[in-house]
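Biologist: I'm new to this one. Could you walk me through how to read it?

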Amino acid sequence: MTPTLVPIDLNAIGNAATTEPRVAGCPVVDGALPPAVILEQARAALQAGLPSLWFAPFAFVSEGRVVGSGGFKGPPRAGVVELGYGVARAERGRGVATAAVLCLCRMAFDQAEVATVTAETVVPNIASQRVLEKAGFTRVGTRDTTEDGTVIQWRLQRGDVRGW
């Protein structure tokens, strides 16, 4: 199921704590929006005039509802950009995350300065690892973090893209 990616209007939704948030007129499934801290960081970056492609989160709209969200964690550095994503628990297992990750990768590779898209997953999140594998990413290593413990690092290079 291929979702439509819609930029989240950060001013319209306020923060994730609103009682009945809507994005582009669509109701939001519980757990589909990024955490409030991510929304605040994006809002600050956009207010500072940074490029929206690399800082504004996107809603994953499927069947008239926002079922997940994702985006980039900043501008490309030396041709590399990192993405992040999430899908509401009730909507997982339907192919939305894989389709949305592919859409994000297409958006990144449409920019001449992007040669590589990266992502990280926590070790226990097998479903997210499968999403990246299905999207064509290659596992390239691990690193230890204070926030999430050991994370698996993933990479998709422009030349590795197949079937788009």
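Modeller: Sure, we'll go through the sheet, then a helix, then a pair of rings. Keep in mind that this is a predicted model.

Biologist: Let's start with the sheet. In what order do the 7 strands come?

Modeller: The general idea is that strands of a sheet pair through backbone hydrogen bonds, either parallel or antiparallel. Here the order is β1-β4-β5-β6-β7-β9-β8, in an open sheet with mixed pairing. At the edges sit β1 (4-7) and β8 (138-145), each pairing on one side only. On average, neighbouring strands are turned by 30° against each other, ignoring direction.

Biologist: Can we zoom in on one pairing? How do β5 and β6 run, and how many bridges join them?

Modeller: Strand β5 (residues 65-72) and strand β6 (residues 80-87) run antiparallel, joined by 5 bridges. For instance, Gly-68 has Val-87 in β6 as its bridge partner.

Biologist: Now the helices. Which strands does α4 lie across?

Modeller: Helix α4 lies across β1, β4 (58-62), β5, β6, β7 (116-122) and β9 (149-157), and runs at about 155° to β6. Helix α5 (residues 126-134) lies across β6, β7 and β9, at about 160° to β7.

Biologist: What span should α4 have, going by its residues?

Modeller: Helix α4 covers residues 96-109, which is 14 residues, so at 1.5 Å a residue it should span 20 Å. Its end C-alpha atoms are 20 Å apart, which agrees.

Biologist: And is α4 mostly covered or mostly open?

Modeller: Here's a general point: an α-helix has 3.6 residues a turn, so residues three or four places apart point the same way. In α4, 12 of the 14 residues are buried, so the helix is mostly covered. Among the buried ones are Val-96, Leu-102, Cys-105 and Phe-109.

Biologist: Take Thr-98 in that helix. Why does Thr-98 count as buried?

Modeller: Its relative accessible area is 11%, and buried means under 20%. Leaving aside neighbours within four places in sequence, Thr-98 is in contact with Val-131, Lys-134 and Ala-135.

Biologist: Last topic: rings. How many aromatic pairs does the structure hold?

Modeller: A pair of aromatic rings is described by the distance of the centres and the angle of the planes. This structure holds 1 aromatic pair. Trp-54 and Phe-72 sit edge-to-face, 5.0 Å centre to centre with 70° between the planes. The pair links distant parts of the chain, with Trp-54 in helix α3 (residues 52-55) and Phe-72 in strand β5, 18 residues apart.

Biologist: Are those two buried or exposed?

Modeller: Trp-54 counts as buried at 5% relative accessibility, and Phe-72 is buried with a relative accessible area of 7%.

Notes: Residues numbered from 1 in each chain as written. Predicted model: local features only at pLDDT ≥ 70, side-chain atom pairs only at ≥ 80, totals over all residues. Heavy atoms only, no water. Helix = DSSP H or I, 4+ residues; strand = E, 2+ residues; numbered from the N terminus. Expected span 1.5 Å × (residues − 1). Buried < 20%, exposed > 50% of the residue type's maximum accessible area, 1.4 Å probe, protein only. Contact = heavy atoms within 4.5 Å. Pairing = 2+ DSSP bridges. Axes fitted to C-alpha atoms, helices over the stretch in contact; angles between N-to-C directions. Phe/Tyr/Trp six-rings, centres within 6.5 Å; stacked < 30°, edge-to-face > 60°.
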